[in-house]
Amino acid sequence: MNARPDLAAPLDPNDLERAADPGARSVPSSAAVTVIRGDSIRPEPIAWLWSGWLARGKVHVLAGAPGTGKTSAALALAATVTTGGRWPDGTRAEPGHVLLWSGEDDPKDTLVPRLIASGADLPRVHFVVSVTDEDGPRAFDPAEDAELLGDHAAQMDPAPSLLIVDPIVSAVAGDSHKNAEVRRALQPLVDLAMTRRCAVLGISHFSKGTMGRDPVERVTGSLAFGALARVVLAAAKLPEEDGGGRMLARAKNNIGCDTGGFQYDLETVELGAFPGVETTRVLWGEALDGTARELLSKAETFADPDEQSLLDDAKGFLRSMLADGPVPSKQIKREADEAGHAWATIRRAKDALGIEAHKEGMKGPWKWAPPPEDAHETPKIPISEQGASSGNDEHLRDGRAQEQDRLINRPPVTCETCRHFTPSETSPGAGLGSCRIDAPASERSPALWPRAEHTCEDWRP
């Protein structure tokens with residue numbers, strides 16, 4: 001009988017010994033690991049292109065919701081580089097060249113007009129357009145051609161000071177939601193930044209239904225986009241009640257200060273030298289204090305139409321789910337996932353509708369109960385008014401809220417059932433996540449883990 005070809009032959013003990021012997025492994029003779037002794041490395045300061053905001057040799061991400069003017073802001077920064085102009089904080093930029101690739105906007109009718117309106121020195125702006133190989137010219141693909149772009153940058157004299165990639169997600173050929181694939185795909189851009197001492201600025205979006213979360217976690221795709229970038233900038237629209245406009249804030253900075261921001265506005269202008277060509281330019285405003293999360297919370301007090309639509313849909317979903325009485329929270333989450341609702345949006349809808357969560361006995365499930373018929377949606381309070389009620393300012397608080405604070409009976413809750421808790425997208429079933437009021441678990445003793453019961457001082461029914 002012939003041996004089955006799909007069954008491997010028994011292992012030879014000698015083969016096992018050879019496999020365990022590092023000297024017997026099949027390794028190209030030219031391959032070698034290079035190590036450097038620590039005392040041979042000379043420390044050097046961060047080479048800032050814009051102090052605290054853009055650094056040579058580093059990757060940055062600028063993210064925000066659609067319509068916040070992310071590309072316009074990036075082009076305004078590029079124009080400042082080309083002319084050696086002044087940054088939003090008034091400091092002077094060192095003149096340099098800019099490489100720019102955009103997969104979304106046409107240079108002729110969008111990018112160049114905006115650069116002209118921003119006063120850019122166009123001979124110092126270089127648009128990445130195509131690649132020529134053995135098959136002839138083709139469109140540049142950042143997912144395949146980043147190394148070729150690095151080769152081109154090496155031939156530029158002087159070397160580029162800034163590279164803009166819009167959108168940066170285009171540099172990922174695989175699944176942009178997988179950490180390992182994103183890190184591998186972005187490595188050529190990291191290498192380009194380091195070897196050419198160039199600041200790389202990638203443009204991205206915020207995922208829908210993520211308002212209130214850490215801005216770095218809101219960047220579309222894998223968390224690796226925000227983790228790999230040394231600096232993450234966030235753009236947002238400011239509410240009309242606060243004068244309107246937009247803002248640029250530092251959401252993360254591994255190499256410097258990670259707070260503060262600047263207001264800016266978009267002005268529509270017509271290019272006098274090109275009749276009929278209208279475009280926009282950025283007008284920088286005053287500096288802003290606070291973390292990006294605080295600034296975004298204020299800016300997004302009034303949701304944009306897309307976010308509001310998602311919230312309204314989530315409210316309708318919950319009203320339907322709870323029409324016949326309390327429903328286990330796990331069932332709500334399962335059906336919300338099937339219906340395409342983000343869990344963070346469902347939780348915001350729960351808060352807005354005044355839906356209560358309660359546990360049936362010690363071992364019973366957590367259930368969400370419909371609010372009383374006379375309950376009203378919880379109003380949103382601008383961040384500028386939050387936290388203002390302390391000491392002698394107690395009179396500033398709403399009378400109803402004061403009475404609620406006095407009479408409220410705060411029951412023990414778990415983090416994952418508390419309205420301040422946002423589950424982790426990467427490990428939603430593990431009970432992991434973050435507290436929206438940034439209260440460390442150790443300070444909410446005995447809440448050492450998200451599922452441990454504790455009393456939240458900010459809990460409201």
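This briefing describes the fold, the sheet, the helix packing and the nonpolar cores of one protein chain. The model is predicted, and its protein chain has 461 residues, of which 41% are buried. Its secondary structure comes to eleven helices and 20 strands. Among contacts between residues at least 6 apart in sequence, 64% join residues at least 24 apart.

**The nine-stranded sheet**

- An open sheet of nine strands, with mixed pairing, follows the order β5-β4-β8-β9-β3-β10-β11-β12-β13.
- The edges of this sheet are taken by β5 (125–127) and β13 (278–288), each of which has a single partner strand, so one side of each is left without a neighbour in the sheet.
- On average, and with direction ignored, neighbouring strands of this sheet are turned by 25° against each other.
- Strand β8 (residues 160–166) pairs with strand β9 (residues 199–205) in the parallel sense over four bridges, and within this pairing Val 165 stands opposite Gly 202 in β9.

**Strand β11 and its partners**

- All eight of the eight residues of strand β11 (residues 246–253) are buried, so this strand is largely enclosed by the rest of the structure.
- On one pairing, strand β10 (residues 231–237) runs antiparallel to β11 and is joined to β11 by seven bridges, with Val 232 standing opposite Lys 252 in β11.
- In another pairing, four bridges join β11 to strand β12 (residues 261–270), again with the two strands running antiparallel, and here Leu 248 stands opposite Phe 262 in β12.
- Helix α7 (residues 292–299) lies across β10, β11, β12 and β13, and runs at about 150° to β11.

**Helices α4 and α5**

- The axes of helix α4 (residues 142–155) and α5 come within 9 Å and cross at roughly 10°, which makes α4 roughly parallel to α5.
- The crossing in which α4 passes α5 is right-handed.
- Where these two helices meet, Ala 146, Glu 147, Leu 149, Gly 150, Ala 153 and Ala 154 in α4 face contacts with Pro 188, Leu 189, Leu 192 and Arg 196 in α5.
- Helix α5 also packs on the sheet, where α5 touches β3 (59–64), β8 and β9, and the direction of α5 makes about 165° with that of β8.

**Nonpolar cores**

- The largest nonpolar core has 45 residues, and those with the most contacts inside this core are Leu 99, Leu 149, Leu 163, Leu 186, Leu 189, Phe 225 and Met 247.
- Helix α5 (residues 179–196) gives the most to this core, contributing seven residues.
- A second, separate core of 33 residues includes Ala 73, Ala 76, Leu 115 and Ala 235.
- Not counting residues up to four places away in sequence, Met 247 touches Ala 234, Ala 235, Ala 236, Leu 238, Phe 262, Gln 263, Tyr 264, Leu 288, Leu 295, Leu 296 and Ala 299.

**A buried lysine in strand β16**

- Lys 367 lies in strand β16 (residues 366–369), and with a relative accessible area of 17% this residue is buried, because the cut-off for buried is under 20%.
- Leaving aside neighbours within four places in sequence, Lys 367 is in contact with Pro 326, Val 327, Pro 328, Ser 329, Glu 356, Ala 357, His 358 and Glu 360.

Methods. Residues numbered from 1 in each chain as written. Predicted model: local features only at pLDDT ≥ 70, side-chain atom pairs only at ≥ 80, totals over all residues. Heavy atoms only, no water. Buried < 20%, exposed > 50% of the residue type's maximum accessible area, 1.4 Å probe, protein only. Pairing = 2+ DSSP bridges. Core = buried A, V, L, I, M, F, W, Y, C linked by side-chain atoms within 4.5 Å. Contact = heavy atoms within 4.5 Å. Axes fitted to C-alpha atoms, helices over the stretch in contact; angles between N-to-C directions. Parallel < 35°, antiparallel > 145°, perpendicular 65-115°, else oblique. Left-handed = near helix turned anticlockwise from the far one by under 90°.
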